[in-house]
Amino acid sequence: MNSPGESKPIKRKHTTLTLAKKLDIIRDVEAREISYEQIAKKYGVGCSSVSRFVKQKETIKSKVDTYREHGVEERRTLKVQSFPLLEQALFVWVLQQRNANVVVPSEVLKAKAKQLFEHFQGKGCYEECHFLASNGWARRFRNRFGLRTADEKAAAGRKLNRIRYTFMPCSNMDGTLKLKLMFIGMSENPRDLPRDKKSLPVSYYNAKKAWMTRALFQKWFDEEFVPAVRKFSKENDLEPKALLVLDNCSAHHIG
């Protein structure tokens with residue numbers, strides 16, 4: 001217990017170093033130029049941590065060489081995974097996608113993990129295990145292997161493509177009336193499309209963020225949906241009435 005007037009000792013903040021930093025500590029120890037205490041202070045860890053890294057130096061060196069070879073510098077732990085075969089196979093697959101400049105979003109990562117789990121179960125591994133490819137597992141997997149998310153970096157130094165499109169199909173129940181697919185892009189006149197949009201197999205519209213707006217939906221409703229329903233009804237000797245079923249998007253609320 002501290003006596004009155006004495007300040008409480010400052011608790012050092014917990015620091016989790018990357019394997020590359022741990023290797024730097026090992027090299028500083030091997031250089032014998034500064035003491036353990038000075039090394040610990042330099043990297044913001046305790047002396048016991050420095051000693052532990054030295055004891056694990058062969059494993060750390062091996063892991064750093066492996067991950068550095070594949071351009072992964074942020075791995076932090078040597079912790080053994082619950083599904084080592086699965087995660088190692090998944091890690092190799094992610095690296096293959098990265099080398100091909102293919103972005104791997106979390107949903108794709110989780111789907112591939114489930115596929116690999118079923119593959120290994122078919123080979124007699126993990127027979128009595130249950131694997132849940134949750135968002136938490138995906139986050140921990142990326143942290144374990146020092147992988148950035150698709151939102152942070154697309155692949156091999158490229159930025160994510162920010163181009164966005166919105167599609168809206170429309171058909172009657174039996175498919176005998178199908179309107180042109182409504183296609184919303186960001187540019188009024190994309191360079192890849194002809195200036196005469198009527199020649200396209202879709203109905204092209206544009207909006208700043210390529211999202212559906214009330215103005216666009218009203219235009220589509222008045223100029224495409226209503227004329228198409230009237231024409232179809234006349235050709236099939238039907239009363240010109242139709243029930244348009246939509247989701248609850250606010251852009252669909254028109255007068």
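This briefing covers the overall make-up, the sheet, two helix contacts and one buried lysine of the protein. The structure is a predicted model. It contains 8 helices and 3 strands. From the N terminus, the elements follow the order α-α-α-α-α-α-α-β-β-β-α.

**Overall make-up**

- The protein has 255 residues, and 33% of them count as buried.
- The exposed surface of the protein is about 18,100 Å², of which carbon and sulfur atoms supply 51%.
- Among contacts with a separation of 6 or more, 54% are between residues 24 or more positions apart.

**The sheet**

- Strands of a sheet pair through backbone hydrogen bonds, either parallel or antiparallel.
- In this model, 3 strands form an open sheet with the order β1-β2-β3, and the pairing is mixed.
- Strands β1 and β3 are the edge strands, each pairing on one side only.
- On average, neighbouring strands of the sheet are turned by 20° against each other, direction ignored.
- Helix α8, residues 214-235, packs on this sheet and touches β1, β2 and β3. The direction of α8 makes about 150° with that of β3.
- Strand β1 spans residues 166-168 and pairs with β2 in the antiparallel sense, over 3 bridges.
- Within this antiparallel pair, T166 stands opposite I184 of β2, and M168 stands opposite M182 of β2.
- Strand β3, residues 202-206, runs parallel to β2, and 5 bridges join the two.
- One of the bridge partnerships between β2 and β3 is that of L181 with V202.
- Strand β2, residues 181-185, is mostly covered, with 4 of its 5 residues buried.

**Helix contacts**

- Two packed helices are described by the angle between their axes and the distance between the axes.
- Helix α2 (residues 36-43) packs against helix α3 (residues 47-55) at an angle of about 100°, and their axes are 8 Å apart. Because of this angle, α2 counts as roughly perpendicular to α3.
- On the α2 side, the contact involves Y36, E37, I39 and A40, which meet C47, V50, S51 and V54 of α3.
- By class, the residues of the contact between α2 and α3 are 6 nonpolar, 1 polar and 1 charged.
- Helix α5 (residues 84-99) and helix α7 (residues 135-144) have axes that come within 11 Å and cross at roughly 75°. Helices α5 and α7 are therefore roughly perpendicular to each other.
- From α5, the residues L86, E87, L90, F91 and V94 meet W137, F141 and R144 of α7.
- The contact of α5 with α7 comprises 6 nonpolar, no polar and 2 charged residues.

**Lysine 110**

- K110 lies in helix α6, which covers residues 106-122.
- The relative accessibility of K110 is 9%, so K110 counts as buried; the cut-off for buried is under 20%.
- Apart from neighbours within four places in sequence, K110 is in contact with A133, S134, N135, W137 and A138.
- Of these contacts of K110, W137 also takes part in the meeting of α7 with α5.

Note on methods
Residues numbered from 1 in each chain as written. Predicted model: local features only at pLDDT ≥ 70, side-chain atom pairs only at ≥ 80, totals over all residues. Heavy atoms only, no water. Buried < 20%, exposed > 50% of the residue type's maximum accessible area, 1.4 Å probe, protein only. Contact = heavy atoms within 4.5 Å. Areas by Shrake-Rupley, 256 points an atom, 1.4 Å probe, with all protein chains shown as cover. Pairing = 2+ DSSP bridges. Axes fitted to C-alpha atoms, helices over the stretch in contact; angles between N-to-C directions. Parallel < 35°, antiparallel > 145°, perpendicular 65-115°, else oblique. Nonpolar A, V, L, I, M, F, W, Y, C, P; charged D, E, K, R; others polar.
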